[in-house]
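Thank you all for making the time this morning. I would like to walk through one model, beginning with the chain as a whole and then moving to particular elements and residues.

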Amino acid sequence: MTKRAVILFGALLLTALLLVAAYSQEDMTAVDNTVFPQPQRPPAIFEHDDHNDAAGLEACQECHHLYEDGVLLEDESSEDHMCSECHDLEPSGRMPGLMKAFHLNCKGCHLQRKAGPVMCGECHRR
């Protein structure tokens with residue numbers, strides 16, 4: 001294979017990977033729980049686009065928050081990061097652990113809006 005063909009193949013592969021990453025949440029059907037060593041429940045069922053349409057959510061930062069030095073950045077979004085990039089499994093200082101962060105974000109919004117599931121088995125379905 002020529003050097004030019006290898007470079008072209010590499011560029012095409014990189015482009016494909018970036019497109020998959022960019023559109024991954026649109027195809028999302030469950031919250032990734034692989035970061036938990038021994039999950040006690042199945043992953044939460046979550047169809048990203050259907051959820052946002054039903055809830056009337058348009059701004060990514062409504063769910064994908066971003067903090068800097070403990071201060072919420074109002075117009076910034078973390079949708080290009082996994083929650084586990086900021087949240088460890090265990091709490092650290094004022095930052096909740098990953099499981100609590102998921103529950104505060106999702107369940108907290110459902111309670112506040114008085115809409116959406118709040119019981120374990122409503123999200124974590126077998």
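Accessible areas here come from the Shrake-Rupley method with a 1.4 Å probe, and for residues only the protein chains shown count as cover. On that basis the accessible surface of the protein chain comes to about 10,100 Å², and 59% of that surface belongs to carbon and sulfur atoms.

Before going further, please keep in mind that this is a predicted model, in which local features need pLDDT of at least 70 and side-chain atom pairs count only at pLDDT 80 or more, whereas totals for chains, interfaces and linings use all residues. Residues are numbered from 1 along each chain as its sequence is written, and side-chain values use heavy atoms, with hydrogens and water left out.

As for confidence, pLDDT is the predictor's own confidence in each residue, on a scale from 0 to 100. The protein chain averages 87, and 87% of the residues score at least 70. Helices and strands, I should say, are DSSP runs numbered from the N terminus, with H or I over at least four residues for a helix and E over at least two for a strand. Among these elements, helix α1, residues 3–22, has the lowest mean pLDDT, at 64, while α3 has the highest, at 96. Over residues 19–24 the pLDDT falls below 50, and this stretch has 0 contacts in the model beyond near neighbours in sequence, where contact means heavy atoms within 4.5 Å.

Turning to the overall layout, the protein chain contains 4 helices and 2 strands, and along the sequence these follow the pattern α-α-β-β-α-α. I call a residue buried when its relative accessible area is under 20%, exposed when it is over 50%, and partly exposed in between, using the 1.4 Å probe and protein chains only. Of the 126 residues in the protein chain, 14% are buried. If we take the contacts between residues at least 6 apart in sequence, 32% of them join residues at least 24 apart.

Let me now spend some time on α3. This helix covers residues 98–113, 16 residues in total, and it reaches 22 Å from its first C-alpha to its last, close to the 22 Å expected at 1.5 Å a residue, the expected span being 1.5 Å times one less than the number of residues. There is nevertheless a kink of about 25° in α3, centred on K107, where the bend at a residue is the angle between axes fitted to the seven residues ending there and the seven starting there. Which residues of α3 are buried? They are L98, A101 and H110, and what covers them includes α2, residues 48–55.

Just after α3 comes K114, in the loop that leads to α4, residues 120–123. K114 has a positive phi of about 55° although it is not a glycine, and K114 is exposed, with a relative accessible area of 77%. For context, most residues other than glycine have a negative phi. D69, in the loop between β1 and β2, also has a positive phi, near 55°, and D69 is exposed at 77% relative accessible area.

A buried loop residue deserves a mention as well. L57 lies between α2 and β1, residues 67–68, and L57 counts as buried because its relative accessibility is 10%. Leaving aside neighbours within four places in sequence, L57 is in contact with H51, N52, E62, C63 and R113.

That brings me to the cysteines. How many disulfides does the structure hold? The structure holds 0, a disulfide being a pair of cysteine sulfur atoms within 2.5 Å. For C63, the nearest cysteine sulfur, that of C109, is 6.2 Å away, and C63 is partly exposed at 28%. Why is C86 without a bond to C83? The sulfur of C86 is 8.4 Å from that of C83, its closest cysteine sulfur, and this is too far for a bond. C86 is partly exposed, with a relative accessible area of 43%.

C83 itself lies in the loop between β2 and α3 and counts as partly exposed, at 37% relative accessibility. C83 touches L98 and F102, not counting residues up to four places away in sequence. C83 and A101 are 18 residues apart in sequence, and their C-alpha atoms are 8.4 Å apart in space.
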